[in-house]
Amino acid sequence: MPDQGDDRPIELAAAVAGVLPGARADLERLVRIPSIWADPARADDTRRSAEAVAALARDAGGRDVRIVAAEGGAPAVIAHWPAPPGTPTVLLYAHHDVQPTGGDDLWTSRPFEPTERNGRLYGRGAADDKAGVMTHLAVLRAYGGRPPVGVTLFVEGEEESGSPTLTTLLREYRDALTCDVIVIADSANAAVDVPALTTSLRGLVDVTIEVAMLERQAHSGVFGGPVGDALTALCRTLASLHDARGDVAVAGLVTATTGAPDPDPDTFRADAGVLPGVELIGTGSVAERSWLKPAVAVLGIDAPRTDEVANVLLPRARAVVSLRLAPGDDTAKAQRALAEHLEAHVPWGARVTVTPGRGVAEPISLDTSGVAYDAARRAFAEAYGTAVVESGLGGSIPFIAEFARTFPGAAVLVTGVGDPASRWHGIDESLHLEMFGRCVHAEALLLAELAARPSPVR
Ligand code: BES
Ligand code: MN
Ligand code: MN
């Protein structure tokens with residue numbers, strides 16, 4: 001590029017390098033706010049988090065910066081940078097809410113005390129998705145608050161709760177959010193030095209199953225034998241969710257068939273923390289199993305704690321079952337299939353109630369043709385010095401399907417701000433700091449590439 005007499009990329013790289021220390025400091029500031037929207041006790045923190053994001057947007061030159069919320073919904077931030085004439089408008093999306101910590105004491109350093117170790121910044125939300133928030137803001141700062149395209153920043157606050165009020169927000173702020181390209185900085189790169197564009201995501205549904213056997217607790221010696229207990233009945237029901245090989249046994253679910261490059265199973269095992277000797281379950285390639293096929297997991301069980309047990313047969317027991325859906329599947333149909341499977345597999349005539357959960361996300365599969373994708377491939381390859389990997393991922397982002405329906409003309413790009421070692425949702429979540437710099441550089445270059453395209457760019 002520089003050889004062509006165009007020194008814009010060099011200047012941009014320098015501008016990005018110049019804003020990174022400040023962006024990192026502000027990322028730490030955001031991580032210190034425990035914005036766990038799913039926890040009602042943290043609602044004020046989530047509001048503080050939105051205010052902090054809004055203040056950063058204002059500092060980065062944003063206009064009409066607003067904190068908006070639907071009735072009962074989390075605070076989201078909308079801000080604008082007007083489009084220079086003839087340029088497209090790009091919507092930059094991230095979320096400022098985070099997952100619960102999973103137990104503060106289990107962390108190496110406190111989850112809301114951002115701490116650097118070995119080039120990584122540890123803290124809840126350091127990657128998912130406050131790194132996404134700061135990527136966008138750092139890009140806007142690198143451009144001195146005057147990006148070469150129109151920008152709308154949209155930072156929602158209830159992604160980790162399944163974005164339940166997003167439809168309402170979209171209806172209300174449709175005009176403010178209209179755009180030609182959407183950049184969703186909320187996924188993972190292939191490695192810290194290999195950029196990725198996520199081309200499909202799985203869907204998600206969950207249900208609560210309650211099994212009832214007895215009117216009350218009964219002595220496990222006097223009655224045990226002829227009388228069963230509800231926890232065992234629940235476990236037998238849950239055990240029916242997989243077949244002997246570990247594939248999902250629920251009938252009627254979609255399995256997608258796109259050919260996909262397979263990640264290295266050993267790296268995959270290590271990233272997940274699978275213990276030596278423990279098998280990966282199910283059949284097919286790792287890519288198939290992690291993003292092209294459904295997956296089912298039991299997320300929690302209501303039952304007595306092991307240090308509080310009594311010798312009684314339990315009258316009732318409850319569990320939450322979560323089902324990831326392959327691209328192409330239908331959430332309502334799949335949720336029904338899961339409920340019917342559970343109802344049909346409860347043993348011993350036990351009573352069963354299956355209640356649909358609230359966390360629903362549609363699977364998505366993105367169209368990767370068109371000038372926005374071409375621009376992204378060029379920009380990301382330049383920033384990382386290596387070609388972009390395009391692949392699906394097993395996680396879910398509930399916002400995307402709804403957004404794509406609302407703005408069918410817009411190209412949707414899902415970019416990485418984490419890497420396979422980020423431990424999304426886990427203990428010791430972290431962001432690779434050098435990669436964060438590359439994320440900002442890549443997105444800055446993307447805006448420059450898009451500026452050279454007439455609007456609309458799809
Ligand atoms: N950013 C993640 C999704 C993700 C993680 C995509 C890693 C690709 C790679 C997002 O914040 C998330 O956790 N989504 C939830 C959605 C749910 C609450 C409806 C998920 O996947 O569990
Ligand atoms: Mn996320
Ligand atoms: Mn998440």
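This report describes two manganese sites, two sheets and the nonpolar cores of a predicted model.

Local features were taken at pLDDT of at least 70 and side-chain atom pairs only at pLDDT 80 or more, while totals for chains, interfaces and linings use all residues. Residues are numbered from 1 along each chain as its sequence is written, chains are lettered from A and ligands numbered from 1 in the order in which they are written, and side-chain values use heavy atoms, with hydrogens and water left out.

**The manganese sites**

Donors here are N, O and S atoms within 2.8 Å of the metal (3.2 Å for Na, K and Ca); water is not among the atoms, so sites may look incomplete.

| Ion | Protein donors | Distances | Angles among six donor atoms | Spacing in sequence |
|---|---|---|---|---|
| manganese ion (ligand 2) | His95 (NE2), Asp128 (OD), Asp186 (OD) and Asp186 (OD) | 2.0 to 2.6 Å | 54 to 162° | H-x32-D-x57-D |
| manganese ion (ligand 3) | Asp128 (OD), Glu160 (OE), Glu160 (OE) and His425 (NE2) | 2.0 to 2.6 Å | 54 to 152° | D-x31-E-x264-H |

The site of the manganese ion (ligand 2) is irregular, and that of the manganese ion (ligand 3) is irregular too. Four donors count as tetrahedral if all angles lie between 85 and 135 degrees; four count as square planar and six as octahedral if opposite donors are over 155 degrees apart and all others between 65 and 115; anything else is irregular. Asp128 coordinates both ions, which are 3.5 Å apart.

The donors come from distant parts of the chain. Asp128 lies in the loop between strand 5 and helix 3, and Asp186 in strand 7 (residues 181–188), 58 residues apart. Glu160 is in the loop between strand 6 (150–156) and helix 4 (166–172), and His425 in the loop between strand 17 (411–418) and strand 18, with 265 residues separating the two. Helices (H or I, at least four residues) and strands (E, at least two) are DSSP runs, numbered from the N terminus.

How buried or exposed are these donors? Buried means under 20% relative accessible area, exposed over 50%, and partly exposed in between (1.4 Å probe, protein chains only). Asp128 is buried, with a relative accessible area of 5%; Asp186, at 6%, is buried, and so is Glu160 at 17%. His425 is partly exposed because its relative accessibility is 38%.

Arg124 sits in the loop between strand 5 (120–122) and helix 3 (130–142) and is buried at 1% relative accessibility. Leaving aside neighbours within four places in sequence, the contacts of Arg124 (heavy atoms within 4.5 Å) include the donor His425, along with Trp107, Phe112 and Glu429.

**The three-stranded sheet**

Strand 5 also belongs to an open antiparallel sheet of three strands, in the order 4-5-18. Two strands pair if DSSP finds at least two bridges between them. Strand 4 (115–117) and strand 18 (430–432) are the edges; each has a single partner strand, so one side of each lacks a neighbour in the sheet. The twist from one strand to the next averages 25°. Axes are lines fitted to C-alpha atoms, for helices over the stretch in contact, and angles run from 0 to 180 degrees between N-to-C directions. Three bridges join strand 5 to strand 18, and Arg120 has His432 as its bridge partner in strand 18. Helix 12 packs on this sheet, touching strand 4, strand 5 and strand 18, at about 65° to strand 18.

**The four-stranded sheet**

A second open sheet has four strands in the order 11-13-9-14, paired antiparallel. Its edge strands are strand 11 (295–302) and strand 14 (351–356), each pairing on one side only. Strand 9 (residues 203–212) is joined to strand 13 (residues 316–325) by 10 bridges, and Val211 stands opposite Ala317 in strand 13. Helix 6 (residues 230–239) lies across strand 9, strand 11 and strand 13, at about 15° to strand 13. Helix 9 (residues 331–344) also packs on the sheet, touching strand 9, strand 13 and strand 14, and makes about 25° with strand 9.

**Nonpolar cores**

A nonpolar core is a set of buried Ala, Val, Leu, Ile, Met, Phe, Trp, Tyr and Cys residues joined through side-chain atoms within 4.5 Å. The largest has 93 residues, with Phe154, Phe399 and Ile400 having the most contacts inside it. Helix 12 (residues 433–451) gives the most to this core, 12 residues. Phe154 is in contact with residues including Ile78, Leu91, Tyr93, Leu166, Phe399 and Phe403, not counting neighbours within four places in sequence. Another core, of 25 residues, lies apart from the largest one; among its members are Ala230, Leu238, Ala317 and Ala319.
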